[in-house]
Amino acid sequence: MNTHATVAAVPLARRRHRSARQLAPAIFLAPAVALLAMFLVYPLLQSFRLSLLEWNGLGENSVFVGLANWVSLAKDGLFWHALGNNLLLGLFSVLIQLPIAMALALLLDKAGRGSRTLKILYFLPLLFSSVALGVIFKNIYDPNFGPINAALNALGLPALAKDWLGDRSYALAAVTAVICWQNVPFYMILFLAGLASFPPDLREAATLDGASDATIFWKIKLPHLQGTVRTAAMLAVIGSLRYFDLIYVMTGGGPEGASELMATYMYRTVFSSFQLGYGSTVASAMFLVVTLIAAVGMRLTKRFETEV
Amino acid sequence: MKLAPLTAASLVAAGLTCAAAADAQDSKTISEWDIQTQPASAKIIQDALERFQKANPGFKAERAQIPNDAYKTKLKIAFGANEPPCVFTNWGGGSLREYVKAGQVVDLTPYLAKDAGFKERFIPTAFGATTIQGKTYGLPGENTAAAVIYYNTELFAKNGLTPPKTWPELLTVVEAFKAKGIAPFALANKAKWPGSMYFMYLVDRIGGPEVFQKAATRAPGGSFADPVFIEAGRKLQELVKAGAFAQGFNGLDYDVGASRRLMYSDKAAMQLMGSWESSSMKNENPGFVKKVDFFPFPAVPGGKGQAGDVVGSVGNNFYSVSSACKAPEAAYEMIKTMVDDASVQARLVDNRMVPVKGLQVTDPTMQRVMKLVSDAPTVQNWYDQELPPQLAELHKDTVQSLLGLSITPEEAAQKMEALAAQILR
């Protein structure tokens with residue numbers, strides 16, 4: 001009798017156990033899913049819905065215009081120009097920030113413990129508020145009072161003393177330089193972390209085999225870090241496509257839209273021109289562009305990974 | 001999901017702040033937003049709000065001061081979320097019209113009708129910018145502003161120059177300063193509205209005030225492609241080509257004083273700016289005020305506009321009450337207190353003139369501004385405030401491009417007319 005009862009009880013307990021086991025992950029995931037839905041999916045869908053309206057964002061006076069905003073966007077030279085600027089920013093972010101960050105990381109890694117102070121110093125730009133940085137650099141670039149042009153003039157190079165933020169040809173480059181300066185430390189820390197996980201015996205073995213420092217870097221360290229570099233490149237590109245703050249503070253997208261990015265253009269359409277519908281179209285297009293480029297980027301870098 | 005509890009906590013925190021914000025809209029608390037960030041100007045409003053609280057026991061005033069350009073965004077978001085402050089500062093014209101069209105602003109006409117004595121205190125043109133289809137939505141509160149050309153008297157005297165009265169004379173002055181290595185004009189045009197002042201004056205001097213009025217109201221024959229706008233663009237570019245503006249003008253930021261410091265350091269001789277600049281200069285650099293004076297924008301020979309016409313605003317800024325306000329009567333009392341006699345006198349000390357009749361101005365510079373405005377055949381409101389926001393933005397963009405010499409006056413005019421035809425009905 002006794003044994004019989006136990007046999008019958010086991011599957012029941014196991015069944016209960018199994019359903020509890022299925023419930024647990026659901027419970028643990030629920031907050032994440034709820035937050036994602038509330039702060040990502042819902043606003044995203046809302047912004048797509050708004051992109052179908054002609055609306056100034058005030059009151060109940062919106063007009064449904066279907067895809068008209070999207071058609072205007074496709075023909076909007078300012079938007080394409082802004083997208084081009086975003087891509088340029090992405091390209092230069094990768095080409096400038098990552099090599100500098102890698103060089104700093106290698107040097108700091110080599111210096112070891114003695115480099116703590118330098119590490120903190122190099123890290124500082126990332127800790128500053130972008131708005132404060134923007135205001136400081138606006139003054140540094142000021143063609144009449146800024147130290148850059150004062151120094152160039154003092155050195156007898158007035159031809160190089162340009163109107164950094166007020167000239168269409170230099171505005172984007174001038175802000176890009178500050179953006180790079182601010183973001184290099186981030187990638188530096190990323191690479192430093194990667195280098196810290198580099199097994200010292202590998203290096204020892206290579207040195208014993210007579211490999212030079214350069215060979216060790218190019219043939220061993222860089223391949224070891226390739227995952228980190230890939231992540232860094234993706235982050236730099238995606239960050240550039242969504243970029244807003246320093247451009248907004250330093251040039252406002254100007255002069256004459258020369259440094260306009262998708263995000264500053266969206267801001268201007270919504271908050272200066274009161275076109276919430278069209279601004280949402282710009283925002284949604286921005287989302288599509290970022291998603292598309294991120295997807296393609298991941299694919300391409302994955303292929304690179306298998307080749308190594 | 002280590003993040004979840006943290007995010008949840010911040011969610012709760014956000015919820016609490018929301019609740020706090022909602023409380024601010026209860027019927028006894030009157031929230032007020034303005035852009036008076038200079039300490040002396042801010043104190044005038046604070047004092048007025050205290051007088052309001054004393055005269056209306058139980059009511060609490062809650063003030064927020066916000067810098068000019070950030071304010072425009074903040075106000076837009078607040079109205080969009082239908083949580084505007086009870087009392088808000090504005091510029092009348094196109095942007096106020098957007099809020100009025102959305103039914104978010106209290107019509108003050110009935111209040112003023114019951115309060116005729118109070119309304120009579122102001123000069124009649126003071127309600128022009130806030131009157132939309134015969135109804136008044138705002139009280140003139142801060143200043144009477146006219147765009148004038150400020151100039152450094154010392155630099156003029158040193159170079160044997162006198163204030164120019166005509167366009168050719170102005171070009172001569174420009175040339176003279178240029179030759180001395182001094183920038184003739186300081187201009188900080190990052191925000192684009194300072195550059196627009198030159199264009200507005202040129203349009204008026206060349207074609208008279210009707211040209212813009214007709215184009216903006218779509219009256220028969222009115223067009224932004226009118227030859228007058230094209231000629232104004234040409235004259236503006238003539239000024240740029242003559243080297244009239246300090247280096248970097250399209251990138252300099254007015255809000256951080258980039259144009260004023262060119263004046264303060266004797267690097268630039270003149271600046272076309274609204275007469276509120278007197279108050280800014282007095283607050284920032286009292287020593288410099290002694291050697292600065294102003295003259296009206298010169299006449300263009302053969303132009304239809306009268307040399308006395310003024311671009312500016314009577315009453316700017318204005319104070320309005322939002323429809324979301326739970327106690328509109330109290331809010332009306334509040335804005336009345338903000339422009340009561342004590343406030344008007346305090347503003348006078350701060351170099352600003354509320355457009356009330358018989359204002360006893362003693363400062364000679366301000367007397368001249370007041371006379372300029374009261375004698376003016378017409379006072380043209382700023383285009384970027386008068387036009388609907390989208391067109392205003394395009395106006396500022398095209399003028400910045402004209403100043404950057406990257407589009408022709410014809411292209412600029414065509415662009416304006418194309419959008420105007422589309423959105424002005």
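Which residue lies over the face of Phe274(A)? In this predicted model, that residue is Lys76(B), which is placed at 4.9 Å from the ring centre of Phe274(A). A comparable arrangement of a lysine and a ring is found within chain B, where Lys336(B) lies over the face of Phe118(B), at 5.1 Å from the ring centre.

The ring of Phe118(B) also takes part in an aromatic pair. Over all chains, the structure holds 40 aromatic pairs. In one of them, the rings of Phe118(B) and Phe122(B) have their centres 5.5 Å apart and their planes at 80°, and the pair is therefore edge-to-face, since planes over 60 degrees apart are classed in this way. Both partners can also be described by their accessibility to the probe. Phe118(B) has a relative accessibility of 9% and so counts as buried, the limit being under 20%, while Phe122(B), with a relative accessible area of 2%, is likewise buried. In chain A, aromatic residues are also found as a group, for Phe137(A), Tyr141(A), Trp164(A), Tyr170(A) and Trp181(A) form one aromatic cluster.

Another aromatic residue of chain A, Phe92(A), lies in helix H3, which spans residues 77-111 of that chain. With a relative accessible area of 38%, Phe92(A) is partly exposed, because this value falls between the 20% limit for buried residues and the 50% limit for exposed ones. Phe92(A) and Ala214(A) stand 122 residues apart along the chain, and a distance of 25 Å separates their C-alpha atoms.

Attention now turns to the empty space in the model. Rolling a probe the size of a water molecule over the atoms shows where such space is left. The second largest pocket contains about 520 Å³ of space. Its lining is made up of 17 residues, and those closest to the centre of the pocket are Pro43(A), Leu44(A), Gln46(A), Ser47(A) and Leu50(A). The elements that give two or more residues to this lining are three helices of chain A, namely H1 (2-50), H11 (262-272) and H12 (276-307). The largest share, seven residues, comes from H1(A). When the lining of the second largest pocket is sorted by class, 12 residues are nonpolar and five are polar, whereas no charged residues are present. In terms of domains, domain 1 (3-50) and domain 2 (68-304) of chain A each give at least three residues to the lining of this pocket.

Terms used:
Residues are numbered from 1 along each chain as its sequence is written. Chains are lettered from A and ligands numbered from 1 in the order in which they are written. This is a predicted model: local features need pLDDT of at least 70, side-chain atom pairs count only at pLDDT 80 or more; totals for chains, interfaces and linings use all residues. Side-chain values use heavy atoms; hydrogens and water are left out. On a 1 Å grid over the protein atoms alone, a cavity is a set of points where a 1.4 Å probe fits but cannot get out, and a pocket is an open set with protein on both sides within 12 Å along at least five of seven lines; lining residues have an atom within 4 Å of a point. Grid points are joined across faces, edges and corners, and a volume is the space filled by probe spheres set on the points. Helices (H or I, at least four residues) and strands (E, at least two) are DSSP runs, numbered from the N terminus. Ala, Val, Leu, Ile, Met, Phe, Trp, Tyr, Cys and Pro count as nonpolar, Asp, Glu, Lys and Arg as charged, and the others, Gly among them, as polar. Domain bounds come from an automatic or database domain assignment. Rings of Phe, Tyr and Trp (its six-membered ring) pair if their centres lie within 6.5 Å; planes under 30 degrees apart count as stacked, over 60 as edge-to-face and the rest as tilted. Buried means under 20% relative accessible area, exposed over 50%, partly exposed in between (1.4 Å probe, protein chains only). A charge sits over a ring if NZ of Lys or CZ of Arg is within 6 Å of the ring centre and within 35 degrees of the ring normal.
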